[in-house]
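Here are a few friendly notes to read alongside the model. I hope they help as you look through it.

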Amino acid sequence: MGSVLVFLLAWQIAARLADSRLLPTVTSVLGAMLQQTISGALPWNLAITLGRVAAAFTISMLLGSALGIAMGRWRQLDLLLDSAVTVLLNLPALVVIVLLYVWFGLNEIAAIAAVALNKLPTTAVTLREGARALDPALAEMAESFHMSRWRKLRHVTLPQLAPYFFAASRSGLALIWKIVLVVELLGRSNGVGFEIQIFFQLFDVKLILAYTFAFILVVQMIEWAVLQPMERWATRWRS
Amino acid sequence: MAELILRLHIEGKSFNEGLGELPVLGQIDIALGGREIVALVGPSGCGKTTLLRIIGGLDTDFRGTIDWCGAVVPRIGTVFQEPRLLPWRTVRQNLLLAQQTANPELADALLHALDLTPFSNVFPATLSLGMARRVAIARALAIDPQLVLLDEPFVSLDPAMAARSRELVLNAWRARPTAALLVTHDHAEAAALADRILQLGERPTRVLHEITVAQKRRGPTGSI
């Protein structure tokens, strides 16, 4: 927190000294945030972007986790799909976005699919490592007590995967919101990314920063209020 | 000996690893009565754990037969060499999760009998090795087993803790007697707990000799 305050102070001083519309002061950016909030434009565009982030995050986490766990458990499937996952990992996000827009049109499904597809391979690779690290001794214990598949999944397997799931979630959230902005900039007519494109054309750095920081603030709140408490709860047994 | 619950006949068991076939078990015949404790004593690596895994159904790749004396496969409570507790579940939850049919009264009674009641709601990470081993024993007994397989349950405990744990386990057994196969290196431990001791030899393992122990531990002491 201290480093953030120092950064803001340094920015404020630099902006005062520069006295240029290309480097607005912290206070003017905060003022723009407030004005955009009162007008309703900022909350509206934030909500649209967050909706896209939530949809892409959910799809990529569900499919990526299922794929990663399956690859970690079945060697043949891993051998079959390993190259495809590596290709997806190395494919530039921009290429995936452009191709999906070209193939499926400038619509919501293509936009969300493009974001999800960018995150899916990293989730799969993370969860694959988790599945490979599952403790066979615990699986054998569960088998010896004839635990049902559901009980085994809930009480033996998923808790072992939880750290990998949280790692994928946190890196996923950070990656997804950045890609969503690009997707909006290239092919949507609303959302934070679209608005930033408009402000870019007007060279309005103040509003670019106002929207950017508002969104960073929201994502950070999700991290603090949702992901971190969930992770602490899931790993409370380690103390 | 009480009515037999198990007739085990093994003709052989080998592992196929890297350098070829490694015979582990030779011909072994074991009969076990309903409330009998039999100790399997032998050198390290002679196949004692493999024998328990075969009886527990965790290893089916062997030549021979397991005859449950006309009955269906009994409920078998296994105590592994390491406690193998679920670290993210409390001590009590570890017992309850092993039960097919929920029986919290039995779980609580076993925790009490094994001196674990104060630790019912803690996570296993906070337990000493001796306590964790006792939880693993309580978990095996919590399924109301007809047969308990104990794989060196007191190994690497200091002598006082091992003696205390043995005493607590015997108390639990007296209150709720069941058949048990105990793997141990320790002849004194085998003599203290078992009705019979089967001395196993080097690989491929066979029963070298059998010793019957005159036990004085019988008799009810409360119930669980």
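**Notes on chain B and its contact with chain A**

1. Buried residues account for 40% of the 224 residues in chain B; buried means that 20 or more other C-beta atoms, placed from the backbone, lie within 10 Å of the residue's own. Please keep in mind that this is a predicted model, in which local features need pLDDT of at least 70 and side-chain atom pairs count only at pLDDT 80 or more, while totals for chains, interfaces and linings use all residues. Residues are numbered from 1 along each chain as its sequence is written, with chains lettered from A and ligands numbered from 1 in the order in which they are written.

2. Chain B has six helices and ten strands (DSSP runs: H or I of at least four residues for helices, E of at least two for strands, numbered from the N terminus). The C-alpha trace of chain B spans about 50 × 40 × 35 Å along its principal axes.

3. The largest nonpolar core (buried Ala, Val, Leu, Ile, Met, Phe, Trp, Tyr and Cys residues joined through C-beta atoms within 7 Å) has 67 residues; B:A39, B:L110 and B:L149 are among those touching the most other members. Helix α4 (residues 129–141) of chain B gives this core its largest share, eight residues. Another core, of 47 residues, lies apart from it and includes A:A168 and A:Y211.

4. Beyond its neighbours within four places in sequence, B:A39 has contacts including B:L182, B:A190 and B:I197 (contact: C-beta atoms, placed from the backbone, within 7 Å).

5. Where the chains meet, chain B contributes 16 residues and chain A 15 residues.

How values were computed. Two residues are in contact if their C-beta atoms, placed from the backbone, lie within 7 Å. A residue is buried if 20 or more other C-beta atoms lie within 10 Å of its own, exposed if 12 or fewer, and partly exposed in between; C-beta atoms are placed from the backbone.
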